[in-house]
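Me: I would like to go through the cysteines and one ligand site of a model, with the reasoning spelled out at each step.

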Amino acid sequence: MHQCRTVLVTGGSGLVGSALRKLSGVDLKYRFVFASSQDCDLTDFEATLQYFRKIAPDAVIHLAAAVGGLFKNMRCKVDMFETNVRINMNVLRACHELGVAKVVSCLSTCIFPDDKTKMEHINETMLHAGPPHASNDAYAYAKRMLEVQSRCYREQYGHNFVCVIPTNIYGPHDNFHLNDAHVIPALVHKFYLAKQQGVPLVVAGSGAPLRQFIYAHDLAHLLIWVLEHYNATDSNDSGTLILSVDPSHEISIAQVVHHIADAIGFDNDIVYDMTQADGQFKKTADNSKFKRLYGSSFAFTPIRQGIRETVDWFVQNYDTVRK
Ligand code: NAP
Ligand code: GDP
């Protein structure tokens with residue numbers, strides 16, 4: 001994208017937006033604008049159009065969303081559905097009306113079908129091949145519609161609107177809320193408090209479910225690569241790309257617990273509360289398409305190192321972190 005100058009990042013104050021912001025200080029090829037909900041409420045179409053007109057982006061990395069872990073997805077289905085549908089409708093429509101050359105939107109492996117028998121590894125062709133897991137169906141269907149909407153704009157108008165599908169993301173600047181966050185930030189916060197209070201750490205669920213995790217800093221690098229190199233208009237491409245570590249790097253929640261305990265230096269008991277939900281057992285993402293297109297092998301941050309850096313950041317910034 002040689003002529004691309006201004007890149008608007010929606011969700012610029014979030015986990016992934018913050019990682020991109022850090023990277024943008026090094027990469028001066030673009031003028032990045034990082035938008036939070038304070039800059040513009042993307043659920044409001046007129047406000048969105050006005051804001052996008054003011055920024056006049058050449059490209060948009062669309063990260064803004066109502067985001068949460070398993071328990072927020074179970075508890076707040078209307079918000080997870082309506083807010084996300086509204087934001088996505090408004091962002092893509094505004095980009096269409098203003099002739100934005102490229103949009104990279106963020107889906108999630110939460111949208112994957114929950115079929116325990118047939119789908120060993122799930123690739124880009126299988127996104128709609130069965131209902132998502134009931135625990136996060138509201139969020140998943142809203143995100144699936146973002147894929148559909150991007151595809152419609154490609155087919156009807158030839159727009160270069162693509163989607164990426166990251167697995168579970170973690171890192172500094174995450175939301176560390178005890179009940180609403182994803183598993184790594186929620187547990188980092190719980191471990192921190194349990195260590196301070198000298199009490200056992202309670203993990204929700206059995207610890208058996210499997211997940212692939214991507215460090216936000218790695219994802220930020222890959223989003224820039226997608227911005228520059230992944231174009232659905234080049235070919236008959238599906239316009240959707242999984243960004244993930246290898247299936248062989250999938251780990252259990254119990255292994256995540258072990259890594260966090262190690263990083264934080266936790267010696268008390270760890271208890272698994274089997275009365276709490278496990279969510280989808282696994283949703284293994286097949287990253288073959290990414291590996292083929294990326295060419296050389298991408299050096300993903302090892303989970304041990306990523307968790308250590310996240311814990312260090314959390315401890316150092318405890319007073320001001322989102323929690
Ligand atoms: P996050 O940390 O929760 O940040 C969400 C961002 O969206 C914030 O910048 C927030 O702004 C903004 N936002 C929310 N509602 C808005 C509204 N009405 N108007 C304008 N902005 C609004 O999210 P994240 O973890 O970085 O996620 C980034 C993207 O990756 C999302 O699309 C998410 O669905 C996807 N994803 C996340 C994960 C994960 O594990 N975190 C996994 C797969 C995919 P404020 O700060 O002002 O509230
Ligand atoms: P998911 O990958 O979309 O299901 O979302 P999460 O990042 O919330 O991970 C959910 C998995 O982690 C489930 O198996 C939960 O039982 C487990 N888990 C264990 N403790 C926690 C916790 O404190 N918060 C969350 N969100 N999940 C937890």
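The turns below take up the cysteines and then ligand 2 of this predicted model.

Me: How many disulfides does a search of the whole structure find?
Reply: A disulfide needs a pair of cysteine sulfur atoms within 2.5 Å. The sulfur of Cys95 lies 11 Å from the closest cysteine sulfur, that of Cys40, which is too far for a bond. Cys106 is likewise in no disulfide, with the nearest cysteine sulfur, that of Cys163, 9.0 Å away. The number of disulfides found in the whole structure is zero.

Me: Is Cys106 buried or exposed?
Reply: The term buried applies under 20% relative accessible area. Because the relative accessibility of Cys106 is 9%, Cys106 counts as buried.

Me: How much of the accessible area of ligand 2 does the protein cover?
Reply: Among the backbone contacts, a backbone N or O atom of Leu70 lies 2.8 Å from an oxygen atom of ligand 2, and one of Val183 lies 2.9 Å from an oxygen atom of the ligand. A polar backbone atom of Ala204 is 3.1 Å from an oxygen atom of ligand 2. Of the 540 Å² that ligand 2 has accessible on its own, the protein covers 99%.

Me: Which element gives the most to the shell around ligand 2?
Reply: The shell has twelve nonpolar, three polar and four charged residues. The elements that give two or more residues to this shell are α3 (70-75), α6 (183-197) and β7 (201-204). With four residues, the element that gives the most is α6.

Definitions and conventions
Residues are numbered from 1 along each chain as its sequence is written. Chains are lettered from A and ligands numbered from 1 in the order in which they are written. This is a predicted model: local features need pLDDT of at least 70, side-chain atom pairs count only at pLDDT 80 or more; totals for chains, interfaces and linings use all residues. Side-chain values use heavy atoms; hydrogens and water are left out. Buried means under 20% relative accessible area, exposed over 50%, partly exposed in between (1.4 Å probe, protein chains only). A polar contact is a pair of N or O atoms within 3.5 Å; within protein, one must be able to donate a hydrogen and the other to accept it, and residues adjacent in sequence count only if both atoms are side-chain atoms. Accessible areas come from the Shrake-Rupley method with a 1.4 Å probe; for residues, only the protein chains shown count as cover. Ala, Val, Leu, Ile, Met, Phe, Trp, Tyr, Cys and Pro count as nonpolar, Asp, Glu, Lys and Arg as charged, and the others, Gly among them, as polar.
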